[in-house]
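Student: Please take one helix of this model and go through it closely, then place it in the rest of the chain.

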Amino acid sequence: MCYFIGLRSARSTDPRQEKGPVTQFPALPRAGEDCGKERTAEQERERMEPWKMILSEIAARDEYRSLTRIAVAGDSVAACGEVVDLSSNDYLCLSRDQRLVEAAIAAARRFGVGSTGSRLMSGNLDIHRELEEAIAQWKGTEAALLMGSGYLANLGVISALSTTVDQVFLDRLCHASIVDGVRLGGRRFRRFRHNDPGHLEELLQGAKDPSRVLVVVEGVYSMDGDVVPLNELLALRARFGFILLIDDAHGIGVMGREGRGVVAVNRACEVDVHIGTFGKALGCYGAFIACSSSLREFLVNVARPFIFSTAPAPPLLGAALRALEIVRSESGIRSRLLSTAAWFRQRLRQDLGVSTPSRSHIVPVILGENALALEAADRLRAAGFHVKAIRPPTVPRGEARLRISLTTASSREQLARLLRVLQGVVGSC
Ligand SMILES: Cc1ncc(COP(=O)(O)O)c(C=O)c1O
């Protein structure tokens, strides 16, 4: 199925080939060379700032990124002036929920604002253990280990696990932190076509020992909003016995019973490693790895981002504990968000003829070229919507898009207005 509605890039993207933009650093003068030559201040600055050339290459590809000022995080209207924010990962609007704020304050009063060291030094507080136990109980795993962020969790667990296997297979659309984790482990990897268990099976059949393969997928894909074909994947795992890691950064809190994400509790033991972050639907910052007790011990001993970094800070842990209670007990907020998302996707298809891979609260409108996505985001912004243009390397080249991220603050009235604006934008692409 092709979801493009705009121009497609002439450059093809081979899912099995990892290609990054080729950047060339300008040659710096060797020691002794150039000495004594007079330089203007401008020339001197150019010489000292070789990254400028790389920045101009990035800009030439329409991939230049700049920061948008957000006055108050998590406030969908006030965040960007009078603009409706549809770019946030605060899917349940918990980041400013006073119950979390109070819990953070209480944890700060009890434990302080910092954890004072890594977990293996002075930073192993009772609140770390309390949250880990709550996570393991919620996810249905033997144990859990907290990490500073989802990025660090992937870096830590994937680099550590990749040294225990012969090969690593990633879904083609896996997040950069997953790719970086394999690289930190010093391993090469192969990609299988996105959400294509048939292609994964082919790769497994070609592996010398499929039980010594690490397979990494996401639960809900961050830029496509589609969901992993879990049943097929678990059937393959039962057949081949590979190690399976599911990063459910965007499913946690939103999908599944009690917000457990895409893996139901009765199937938790069929997944070797579950990754979740506190920085998205749970409204805070930090992450967890839910797994067996022995894997947790292994990570405590070898995962570099765990060993060599300060332990997560108590206020965030207090807030995460409270967020966890809320997502477990308040299924209404979750179902409201998912039904608004289903309604929006259907209107997009019916009214605008735009089909999207999404099956969740993340709804991309894939436009193709970077310039199209940038122009579309500008036009939405002018009409009062903050929607990000997502470009390479976050998405494959030629698949630039608008990423519409719905939250519990997204009302149908706002979205109906967005659809009217999108109609003009998409129609002219
Ligand atoms: C799939 C996935 N994993 C991990 C991360 C990183 O999580 P964090 O923002 O907590 O570092 C992201 C962030 O967007 C993500 O999309």
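Tutor: The model is predicted. Of the 429 residues of the protein, 45% count as buried, and the helix chosen here, H6, contributes to that buried part with Ser177, Ile178, Gly181 and Val182. H6 covers residues 176–184. The overall secondary structure to which H6 belongs comes to 14 helices and 12 strands.

The four buried residues lie on the same side of H6, because they cover an arc of only 145° around the axis. What do the buried residues of H6 pack against? Their partners are helix H5 (150–162) and three strands: E3 (167–171), E5 (213–218) and E6 (243–247). Across the protein, 75% of the contacts between residues at least 6 apart in sequence join residues at least 24 apart. Just after H6, Gly186 takes a positive phi of about 75°.

Two of these partners lead to other parts of the model. The first to follow is H5, which supplies 3 residues to the shell around the ligand, the largest share. That shell holds 14 residues, and Ser149, Gly150, Ser222, Ala249 and Thr277 are the closest. By class, the shell divides into 9 polar, 3 nonpolar and 2 charged residues.

The other partner to follow is E6. The loop between E6 and strand E7 (273–277) contains Glu258. Glu258 is not a glycine, yet its phi is positive, near 55°. Most residues other than glycine have a negative phi, and most peptide bonds are trans. Glu258 has 17 other C-beta atoms within 10 Å, so it counts as partly exposed.

Elsewhere in the chain there are further backbone features to note. Cys93, in the loop between strand E1 (84–85) and helix H3 (98–111), has a positive phi of about 55° although it is not a glycine. Cys93 counts as partly exposed because it has 19 C-beta neighbours inside 10 Å, where 20 or more would make a residue buried. A cis peptide bond joins Pro392 and Pro393, with omega of about 10°. Pro393 sits in the loop between strand E11 (388–390) and strand E12 (400–405).

To return to the helix: H6 has its buried residues on the same side, and these pack against H5, E3, E5 and E6.

Methods:
Residues are numbered from 1 along each chain as its sequence is written. This is a predicted model: local features need pLDDT of at least 70, side-chain atom pairs count only at pLDDT 80 or more; totals for chains, interfaces and linings use all residues. Helices (H or I, at least four residues) and strands (E, at least two) are DSSP runs, numbered from the N terminus. A residue is buried if 20 or more other C-beta atoms lie within 10 Å of its own, exposed if 12 or fewer, and partly exposed in between; C-beta atoms are placed from the backbone. Two residues are in contact if their C-beta atoms, placed from the backbone, lie within 7 Å. The arc is that of the directions from the helix axis to the C-beta atoms. A residue is near a molecule or strand if its C-beta atom, placed from the backbone, lies within 6 Å of it. Ala, Val, Leu, Ile, Met, Phe, Trp, Tyr, Cys and Pro count as nonpolar, Asp, Glu, Lys and Arg as charged, and the others, Gly among them, as polar.
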